[in-house]
Amino acid sequence: MELFHACEKHEVRQSTALYNIVLAQIVRRGPPEAVLAWVAKMRGADGVRTDRFAYNAALKAHVTMGSLQDAVSLLTDMM
């Protein structure tokens, strides 16, 4: 979150790459619920697209949580 505050302070536009930097850290250190929350935030951000990295992280989170139906639904949405 410090990264996003610094970007706002210096008027740097948020991008998919910035979101993915944070997502990578959440994937490594956070619970799967945090991964899904961050991907949802990406989806709602202006000018940020949910890319393959984010979708793969979300799929892994669903599988880790045992939410196979949610994983299947996400795969269907991706197509």
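# Five helices and their core

Reader: How many residues does the chain have, and what percentage of them count as buried?
Author: This is a predicted model. The chain has 79 residues. The share that counts as buried is 37%.

Reader: How many helices and how many strands are there in the chain, and in what order do the elements run?
Author: The chain holds 5 helices. Its strand count is 0. Read from the N terminus, the order is α-α-α-α-α.

Reader: What does the C-alpha trace span along its principal axes?
Author: The span is taken along the principal axes of the chain. It comes to about 40 × 25 × 15 Å.

Reader: What percentage of the exposed area of the chain do carbon and sulfur atoms supply?
Author: The chain exposes about 5,400 Å². Of this area, carbon and sulfur supply 55%.

Reader: Among contacts between residues at least 6 apart in sequence, what percentage join residues at least 24 apart?
Author: The count starts from pairs at least 6 apart in sequence. Those that join residues at least 24 apart make up 40%.

Reader: How far apart are the mean positions of the positive and negative charges?
Author: The chain carries 9 positive and 8 negative charges. Their mean positions are separated by 7 Å.

Reader: Which residues have the most contacts inside the largest nonpolar core, and which helix gives the most to this core?
Author: The largest nonpolar core has 21 residues, and those with the most contacts inside it are Phe4, Tyr19, Leu23, Val35, Trp38, Val39 and Met42. At least two core residues come from each of α1 (2-9), α2 (16-29), α3 (32-44), α4 (52-64) and α5 (68-78). The top contributor, with 6 residues, is α4.

Reader: Beyond its neighbours within four places in sequence, which residues is Phe4 in contact with?
Author: Phe4 is among the core residues with the most contacts inside the core. Setting aside neighbours within four places, its contacts are Gln14, Leu18, Tyr19, Val22 and Trp38.

Reader: Which residues form the aromatic pair, and at what angle between the planes?
Author: The structure holds 1 aromatic pair. Tyr19 and Trp38 form it, with 5.2 Å from centre to centre. The pair is tilted, because its angle falls between the cut-offs of 30 degrees for stacked and 60 for edge-to-face. The angle between the planes is 35°.

Reader: Which helices does this pair link, and are its two residues buried or exposed?
Author: The pair links distant parts of the chain, 19 residues apart. Tyr19 lies in helix α2 and Trp38 in helix α3. Both residues are buried.

Reader: Is His62 buried or exposed, and which residues is it in contact with beyond its neighbours within four places in sequence?
Author: His62 sits in helix α4. Its relative accessibility is 13%, so His62 counts as buried. Leaving aside neighbours within four places, His62 touches Leu36, Ser67, Asp70, Ala71 and Leu74.

Reader: Why does Arg49 count as exposed, and which residues is it in contact with beyond its neighbours within four places in sequence?
Author: Arg49 is in the loop between α3 and α4. It counts as exposed because its relative accessibility is 56%. Neighbours within four places aside, Arg49 is in contact with Thr16 and Met42.

Reader: How far apart in space are Arg49 and Val39, C-alpha to C-alpha?
Author: In sequence, Arg49 and Val39 are 10 residues apart. In space, C-alpha to C-alpha, the distance is 10.0 Å.

Reader: What is the phi of Glu11?
Author: Glu11 is found in the loop between α1 and α2. Its relative accessible area is 76%, so Glu11 is exposed. Glu11 is not a glycine, yet its phi is positive, at about 55°.

Reader: Where is Ser73, and what separates its C-alpha atom from that of Leu59?
Author: Ser73 is in helix α5. With a relative accessible area of 33%, Ser73 is partly exposed. Ser73 and Leu59 are 14 residues apart along the chain. Their C-alpha atoms are separated by 9.8 Å.

Reader: Is Met79 buried or exposed, and how far is its C-alpha atom from that of Leu59?
Author: Met79 belongs to the segment after α5. It counts as exposed because its relative accessibility is 84%. Along the chain, Met79 and Leu59 are 20 residues apart. Their C-alpha separation is 14 Å.

Definitions and conventions: Residues numbered from 1 in each chain as written. Predicted model: local features only at pLDDT ≥ 70, side-chain atom pairs only at ≥ 80, totals over all residues. Heavy atoms only, no water. Helix = DSSP H or I, 4+ residues; strand = E, 2+ residues; numbered from the N terminus. Buried < 20%, exposed > 50% of the residue type's maximum accessible area, 1.4 Å probe, protein only. Contact = heavy atoms within 4.5 Å. Areas by Shrake-Rupley, 256 points an atom, 1.4 Å probe, with all protein chains shown as cover. Lys, Arg positive; Asp, Glu negative; His and termini not counted. Charge placed at Lys NZ, Arg CZ, Asp CG, Glu CD. Core = buried A, V, L, I, M, F, W, Y, C linked by side-chain atoms within 4.5 Å. Phe/Tyr/Trp six-rings, centres within 6.5 Å; stacked < 30°, edge-to-face > 60°.
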